[in-house]
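Student: I would like to understand how words such as "compact", "contact" and "buried" are justified when a structure is described. Could we go through them one at a time?

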Amino acid sequence: MHITIDETKCCGAGQCVLAAPEVFDQREDDGVVILLNADPPTDQYGQVREAAAVCPAALIEVHE
Amino acid sequence: MTPAPTVVIVGASAAGLSVAENLRRGGFAGTVTMIGAEHHLPYDRPPLSKEVLSGLWPDAKTQLRDRSTLTELNIDLRLGVRAEHVDSAARIVANSDGSQVPYNDLVIATGVRPRPLPGTGGVQGVHVLRTLGDAQRLRAVLRGRPRLVIVGAGFLGAEVASVARTAGADVTLVSDIESPLSDVLGAELGQLLRRAHIDHGVHLKTGVKVAAVAHHDNQVSGVELADGSTLPADAVLVAIGSIPNTEWLAGSGIPVGNGVICDQFCRALPGVWAAGDVASWHHADLDQRLRLEHRTNAAEQGMAVARNILAADNPTPFTPVPYIWSDQYDLKLQIYGQTRGADAFAVIDGDLAERRFVAVYGKNGHVHGAVGAGMIRPLRAARALVATHEPWSSIEQGVTA
């Protein structure tokens, strides 16, 4: 799995951090997504797919 | 052999797309038909009053999925087609192109449309903002730095005021509430927003009702207020709320009131569901009927509906913590839960005067909402208080400690 994001679309909802806190974080001032690990371990795959599905700006792309 | 099941989704915006994607993600192998009245591929609406209106984004950036991704989802996508009638006994949707589409499950995701200001129909220069076309028209007008009067100081009105002022328009924001968003966010944040708009040169006319729109030769010339004064205008934006698109369900047997009336599973009838702005459902955790016109809710509710369709006889109640954001000037407000109708308010971190804060809202002795700006980690902690309905007494102890 490889993750790409378009952070310019981020609305700072933080849904990704709630879904996959080891893969995503947010910038402190505006809440914009920070990708902590673009190539997460297999045990994170389910959480990452959930994060991509729930992102209100649809900016997380998961390549599998 | 029984034929493959069909899910028909009416509405091809964020909620409808979320249903389709999550059906496929959940392994649904049947037919997914998505019917959209607009001609565009599914696109995102929140940027319309922000990045699209300001010209920061090209219009194409609002597209939610590229064509190849939609092709992979294997959706029978019918754009520019309006669903006109449902026979919920026969389970058939009849469309404007004459087609009749049978379904096993129907998802209503037809959204809302702007509430019009009476007497403005057909008057040139009176705008609403819901679609990409609306945003393109208003953006073109803003290039001429017009005198723009915005009727309504909710999220849409306040955001457009911010963009239009930044673009050099002469902006007047008119509303019968006391400050921008004060009905939703309370007096304290209303004051903060009032200050922000005044600091940026917006004329605020609050606590006053609009009587009529003045026009000459069918071109808008001003907005007449109930106090007898007239605000001259080259253009007017009407931002006074929305009406759920449910008229097409008349006679279908599907319950309709303020939106499509659903149970706690977002189900209106057996095999009929609703998601997004149009869906009114019973939030079991809050024990309250909600209809949310929020982008985040569209995605989450679409996901919930897809899962409940796949779960057949074992659906799950939809109990989200709502989230909204609003960009006004350099201020990004982030809002969790419910703030409207709160009976208690406390700033628990930061400082309103510095526009960097976390505030919580209480109702009936419990935390119901949280609003933050510029403090994402403390705000996420406050979201947890909203999710667990923390007793307000613990907030008071925390604030005074």
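Tutor: What follows takes chain B of this predicted model and sets its values against the definitions behind the words.

Student: What makes chain B as compact as a globular protein of its length?

Tutor: The radius of gyration of chain B is 22 Å, and the globule rule gives 21 Å for 401 residues, so the two values are close and chain B counts as being as compact as a globular protein of that length. Its C-alpha atoms fill a box of roughly 70 × 65 × 40 Å along the principal axes.

Student: How do you know which residues of chain B count as buried, and what share is that?

Tutor: A residue is buried if 20 or more other C-beta atoms lie within 10 Å of its own, and 47% of the 401 residues of chain B count as buried.

Student: How do you know that chain B touches chain A, and which element of chain B supplies the largest share of that side?

Tutor: Two residues are in contact if their C-beta atoms lie within 7 Å, and 20 residues of chain B are in contact with 15 residues of chain A. Among the elements that each supply at least two residues of this side are helix H1 (14-25) and strand E24 (323-328) of chain B, while the largest share, five residues, comes from H7(B). By class, the side has seven nonpolar, four polar and nine charged residues.

Student: What makes domain 2 and domain 3 of chain B neighbours in contact?

Tutor: Eight residues of domain 2 of chain B are in contact with eight residues of domain 3 of chain B, and the C-alpha centres of these two domains lie 29 Å apart.

Note on methods:
Residues numbered from 1 in each chain as written. Chains lettered and ligands numbered in written order. Predicted model: local features only at pLDDT ≥ 70, side-chain atom pairs only at ≥ 80, totals over all residues. Helix = DSSP H or I, 4+ residues; strand = E, 2+ residues; numbered from the N terminus. Nonpolar A, V, L, I, M, F, W, Y, C, P; charged D, E, K, R; others polar. Domains from an automatic or database assignment. Rg over C-alpha atoms; globule rule 2.2 N^0.38 Å. Buried ≥ 20, exposed ≤ 12 C-beta atoms within 10 Å, placed from the backbone.
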